[in-house]
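Visitor: I'm new to this structure and would like a close look at just one part of it. Please show me the whole thing, then walk me through one pair of neighbours and the link between them.

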Amino acid sequence: MNPRTATARQLGLMSCHDCRLLIETRNPQAPGRCPRCGAHLHSRKPNSLTRVWALILAAIILYIPANILPITITSTLGVKQKDTILSGVIFFFQTGSWEIAAVIFIASVFVPFAKLMILIYLSLSVQFRSTWRPKDRTALYRLTESVGRWSMVDIYVLTILVALVKLGAIATIEAGPAAIYFASVVVITMFAAESFDPRLIWDVIEEDYDGQPSG
Ligand SMILES: [Zn+2]
């Protein structure tokens with residue numbers, strides 16, 4: 001990293017969030033709209049941290065019913081069985097399908113949890129103006145962005161499971177109430193990652209180097 005590299009904000013430049021056009025702004029406080037696509041211009045995502053915290057909080061709240069409520073309701077010859085995500089994992093593990101157990105555990109328990117933890121850590125580090133290893137923190141952010149879509153694997157597994165079991169006449173399977181909470185957690189966490197502006201990680205370092213707030 002070369003600390004003498006100027007940032008776009010220092011040069012009075014702004015990139016449009018929608019069409020990525022680079023624009024010279026005379027008044028950074030009120031940059032107006034993009035001359036090409038008409039989107040509102042911001043040098044940083046507006047209220048990034050506040051939005052991320054609100055979405056993280058919502059995801060944590062929904063994470064609880066997603067794990068406590070049943071995700072599948074199976075009935076075999078009139079006997080109903082309700083399974084949560086974890087009891088499903090245990091069931092597949094005990095019946096020898098440890099590959100399915102591993103996929104469900106990684107996609108539905110580990111990944112959403114790890115992603116929330118990473119987002120909380122990144123937000124805290126920006127909130128407390130950390131200057132510790134910005135490059136690694138940026139890499140961590142990219143990881144949360146790329147891994148998010150895989151959490152939906154569980155919803156696909158559930159869909160396939162329901163379709164497969166429906167083919168048999170003896171057993172029926174339905175998606176339980178946890179499914180909707182789980183899907184909400186995944187989507188909200190994706191929005192939280194999208195709302196986080198990784199440039200905030202670097203702003204603190206630029207300000208430290210210049211000895212004054214940049215921008
Ligand atoms: Zn634009």
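**A helix pair and its loop**

Guide: Let's begin with the overall layout: the C-alpha centres of domain 1 and domain 2 lie 33 Å apart. Keep in mind that this is a predicted model. Domain 1 covers residues 1-43, while domain 2 takes in 44-210. Put a box around the C-alpha atoms along the principal axes, and its sides come to roughly 75 × 35 × 25 Å. The radius of gyration is 23 Å, whereas a compact globule of 215 residues would have one near 17 Å. As for burial, 24% of the 215 residues count as buried.

Now for the parts list. The protein has seven helices and five strands, and from the N terminus on they come in the order β-β-α-β-β-α-α-α-α-β-α-α. Take the contacts between residues at least 6 apart in sequence: 63% of these join residues at least 24 apart.

The part to zoom in on is the pair α3 and α4. Helix α3 spans residues 98-127 and helix α4 spans residues 134-147. They pack at an angle of about 145 degrees, and their axes sit 10 Å apart. The crossing itself is left-handed. Who touches whom? On the α3 side you'll find Val111, Lys115, Ile118, Leu119, Leu122 and Ser125, and they meet Arg137, Leu140, Tyr141, Thr144 and Val147 of α4. Sort those contact residues by type and you get seven nonpolar, two polar and two charged.

Next, look at the loop between α3 and α4, where Arg129 is found. Its phi is near 55 degrees, which is positive even though the residue is not a glycine. Arg129 counts as exposed because it has 12 C-beta neighbours inside 10 Å, and 12 or fewer is the cut-off. Arg133 also belongs to the loop between α3 and α4. Here too phi is positive without the residue being a glycine, at about 45 degrees. Arg133 has 12 C-beta neighbours inside 10 Å, so it counts as exposed.

Back on the helices, Gln127 is part of α3. With 12 other C-beta atoms within 10 Å, Gln127 is exposed. Gln127 and Ile201 are 74 residues apart in sequence, yet their C-alpha atoms are 9.5 Å apart in space. Over in helix α4 there is Glu145, which is partly exposed, with 15 other C-beta atoms within 10 Å. Measure the chain from Glu145 to Trp53 and you count 92 residues, with 16 Å between the two C-alpha atoms.

One last stop is Phe93, which lies in helix α2, residues 85-94. Phe93 is partly exposed, having 16 other C-beta atoms within 10 Å. If you set aside neighbours within four places in sequence, Phe93 is in contact with Trp98 and Ala101. Phe93 and Ser125 are 32 residues apart in sequence and 38 Å apart in space, C-alpha to C-alpha. You've already met Ser125 as one of the α3 residues in the contact with α4.

Methods: Residues numbered from 1 in each chain as written. Predicted model: local features only at pLDDT ≥ 70, side-chain atom pairs only at ≥ 80, totals over all residues. Axes fitted to C-alpha atoms, helices over the stretch in contact; angles between N-to-C directions. Helix = DSSP H or I, 4+ residues; strand = E, 2+ residues; numbered from the N terminus. Left-handed = near helix turned anticlockwise from the far one by under 90°. Contact = placed C-beta atoms within 7 Å. Nonpolar A, V, L, I, M, F, W, Y, C, P; charged D, E, K, R; others polar. Rg over C-alpha atoms; globule rule 2.2 N^0.38 Å. Buried ≥ 20, exposed ≤ 12 C-beta atoms within 10 Å, placed from the backbone. Domains from an automatic or database assignment.
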